[in-house]
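Me: I'm new to protein structures and would like to learn how to read one. Could we go through it together, feature by feature?

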Amino acid sequence: MTRTNPSPISDKTSAEMHWSRWGDPAHAGPLAESAHTLVDTFIGTSDTPAVDPADVRLSAPLAPELLAELEAIVGSGHVLTDHESRLLRTRGKSTPDLLRLRAGDGSDSPDAVVRPSTHDEVVALIDWAVRRHVAVVPFGGGTSVVGGLAAKRDGYAGVISLDLQRFDKLVEVDRTSMTAVLEPGLRGPAAEALLAAEGLTLGHFPQSFQYASIGGFAVTRSSGQSSAGYGRFDSLVVGLKVATPQGTLELGNSPANAAGPDLREVIMGSEGAFGVVTAVRVRVRPLPEVRTYEAWRWGSFTEGAAAMRTLAQAGVMPTVLRLSDENETAINLAKPSEVGGESAGGCLMITGYEGTPAAVEAKRLAVTAILGGLGGENQGADSGQAWSDGRFHGPYLRDSLLDVGVLVETMETVTFWSNLDHVYTSVKDALVGALGEATLVLCHISHVYETGASLYFTVATKASDEPLPQWLAAKAAASDAMVHNGASITHHHAVGQDHKPWLAEEIGPVGVQILRAVKAELDPTGVLNPGVLIP
Ligand SMILES: Cc1cc2nc3c(=O)[nH]c(=O)nc-3n(C[C@H](O)[C@H](O)[C@H](O)COP(=O)(O)OP(=O)(O)OC[C@H]3O[C@@H](n4cnc5c(N)ncnc54)[C@H](O)[C@@H]3O)c2cc1C
């Protein structure tokens, strides 16, 4: 049955995220009883509250004469040094980031938050940073989970957070070419709302959608939950405007060309280390008239994955296609409000369709014929809708679990179909080997290609007295298992500081040399986000 659901974006959220948790402070809360019982039985719980935000120790604010120079560039209301503004821009939202903050360690805070609103102001700020040898950390939505926002401060006169929130406009729409120019500080919902007013959509809905920004999506090569239909963010980027210490770079004057290597690819994935993105031209699509989601049940993860591969290789792709493994299905993680409740078992697949009623129905029938023919059991639209309704709620669970002494984190990778089972098993074994038998490892596939797919793991275990080293050891073991077995260190979370050692292994010495050469040419004094990306 086709169901119409015109918008996946019903939740209103606060402007700023919680200082030590994911998302809207109003949604922070204790674990639901069913989830609490489940973790208490399997893992064990103990109260582990965070310190008071006023007690988090931050770096010293920037020297007054430097602040005055910044105010001359962006205006006095846009240079902030108060505790709250700096705390809210300290690191990102990985579990290690939050563990440090919850323990009162804000040593990676910026010394000032600076909010420019024009490309020329960004150019002037970079020029100032080079002269004063101050590190610049571009800040989009603040949702990095790879250590992308914690600049190395040694050797610098200070660190500023260059907050892009005032870059919040839809600059231009080209309806003939179906492109739009968006400013980089627009967060997911604001960008979609501006495009929806024009009858358009970008179709990029990562789980961090409510807070992550257009610029952040571009420079981390993000991938959203509708990637099967709309494509990864890097495939949506047509052009970029970038301020660098060497001047302005404008890329993307044509839909495709043979004018040498594609330099947009150098900026996408550059994580603020090569320049600050001040405008992004993206492909846009007509706002769908219909959005409908369905659930399917498979006997095993292997069967479900094989069905995904069949769809991808037949070129019959729904807009959303994801598959939970047996463990993830058993605890209902795909439907966060039902975690710990009853599960029908097997492996849950979600298929989603967006477009005109006719296109949606045609695609749904084609997918249904293939999945039904391969032995999938159609569970109908209610379970699919339950996934859609809860699609942005999952991350709140992690923080409620940290409150009760359960260490939770996610990690992701991507490999070819022929290697998928091997990598799946190797990563799971590495995590259980590092963290012990009483560890829950859950997995789903959420991004599918003709040649392979991503694997997204969620890990939960009892936190030790030293949860940070406990997790870092497990993460290293799992990262080794990915890269030593031929998978990538990241499908969409990017590199930041946390993945650098494995990036070096993945791209080899010549690859590292190329990245270092680009950095040395564009940012010779190294003021742009020092410590990220470049091994
Ligand atoms: C709960 C949760 C769920 C997530 N789900 C997904 C998911 O489904 N898919 C996915 O792809 N990712 C996901 N992520 C990761 C994260 O949301 C993405 O990496 C996102 O693209 C980061 O965007 P941002 O605006 O928050 O960037 P930030 O975190 O602010 O910055 C990320 C990096 O980019 C740099 N940067 C930001 N803006 C600019 C700019 N304009 N110019 C130059 N450099 C810049 C920063 O300095 C930093 O190094 C998730 C994260 C969390 C916490």
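Reply: Let's begin with a word we will need often: two residues are in contact when heavy atoms of theirs lie within 4.5 Å. What you see is a predicted model, in which local features need pLDDT of at least 70, side-chain atom pairs count only at pLDDT 80 or more, and totals for chains, interfaces and linings use all residues. Residues are numbered from 1 along each chain as its sequence is written, and side-chain values use heavy atoms, leaving out hydrogens and water.

Me: Let's try that word out. Leaving aside neighbours within four places in sequence, which residues is Ser213 in contact with?

Reply: Ser213 is in contact with Gly140, Gly141, Pro184, Gly185, Leu186 and Arg187, once neighbours within four places in sequence are left aside. To place Ser213, we need helices (H or I, at least four residues) and strands (E, at least two), which are DSSP runs numbered from the N terminus. Ser213 lies in the loop between strand 9 (200–201) and helix 7.

Me: Is Ser213 buried or exposed?

Reply: Buried means under 20% relative accessible area, exposed means over 50%, and partly exposed is in between, using a 1.4 Å probe and protein chains only. Ser213 counts as buried because its relative accessibility is 2%. There is also a polar atom of the Ser213 side chain 3.1 Å from the backbone nitrogen of Gly216. A pair like that is called a polar contact: N or O atoms within 3.5 Å, where within protein one must be able to donate a hydrogen and the other to accept it, and residues adjacent in sequence count only if both atoms are side-chain atoms.

Me: Now the ligand. How many residues surround the ligand, and which are the closest?

Reply: A residue is near a molecule if one of its heavy atoms lies within 4 Å of it. Here 35 residues surround the ligand, and the closest are Pro138, Thr143, Ser144, Ser208 and Ser213. So we meet Ser213 again, as one of the closest.

Me: Which backbone atoms should I look for beside the ligand?

Reply: Look at three glycines. A polar backbone atom of Gly140 is 2.8 Å from an oxygen atom of the ligand, and a backbone N or O atom of Gly148 also lies 2.8 Å from a ligand oxygen. At Gly272, a polar backbone atom is 3.3 Å from a nitrogen atom of the ligand. The protein covers 97% of the 970 Å² of accessible area that the ligand has on its own; such areas come from the Shrake-Rupley method with a 1.4 Å probe, and for residues, only the protein chains shown count as cover.

Me: Which element gives the most to the shell around the ligand?

Reply: Helix 7 does, with five residues.

Me: And where does the protein gather its nonpolar residues?

Reply: In soluble globular proteins, nonpolar side chains tend to be buried together. A nonpolar core is a set of buried Ala, Val, Leu, Ile, Met, Phe, Trp, Tyr and Cys residues joined through side-chain atoms within 4.5 Å. The largest core in this model has 49 residues, and Leu323, Met349, Leu431, Ile445 and Leu455 have the most contacts inside it. Helix 16 (residues 417–435) gives the most to this core, with eight residues. A second, separate core of 33 residues includes Ala212, Leu251, Val284 and Leu515.

Me: What does Leu431 touch, not counting residues up to four places away in sequence?

Reply: Leu431 touches Met411, Gly436, Val441, Val459, Trp471, Ala474 and Ala478.

Me: Can polar residues be found inside too? Where is Ser454, for instance?

Reply: Ser454 is found in strand 20, and Ser454 is buried, with a relative accessible area of 1%. Beyond four places in sequence, the residues in contact with Ser454 include Thr413, His444 and Ser446. Ser446 itself is in the loop between strand 19 (440–445) and strand 20 (452–462). Ser446 is buried as well, at 10% relative accessible area, and a polar contact of 3.3 Å joins the side chains of Ser446 and His447.

Me: Which backbone angle deserves a second look?

Reply: Try phi. His133 has a positive phi of about 50 degrees although it is not a glycine. His133 sits in the loop between helix 5 (119–132) and strand 5, and is partly exposed because its relative accessible area is 28%. Met178 has a positive phi too, of about 60 degrees, and is not a glycine either.
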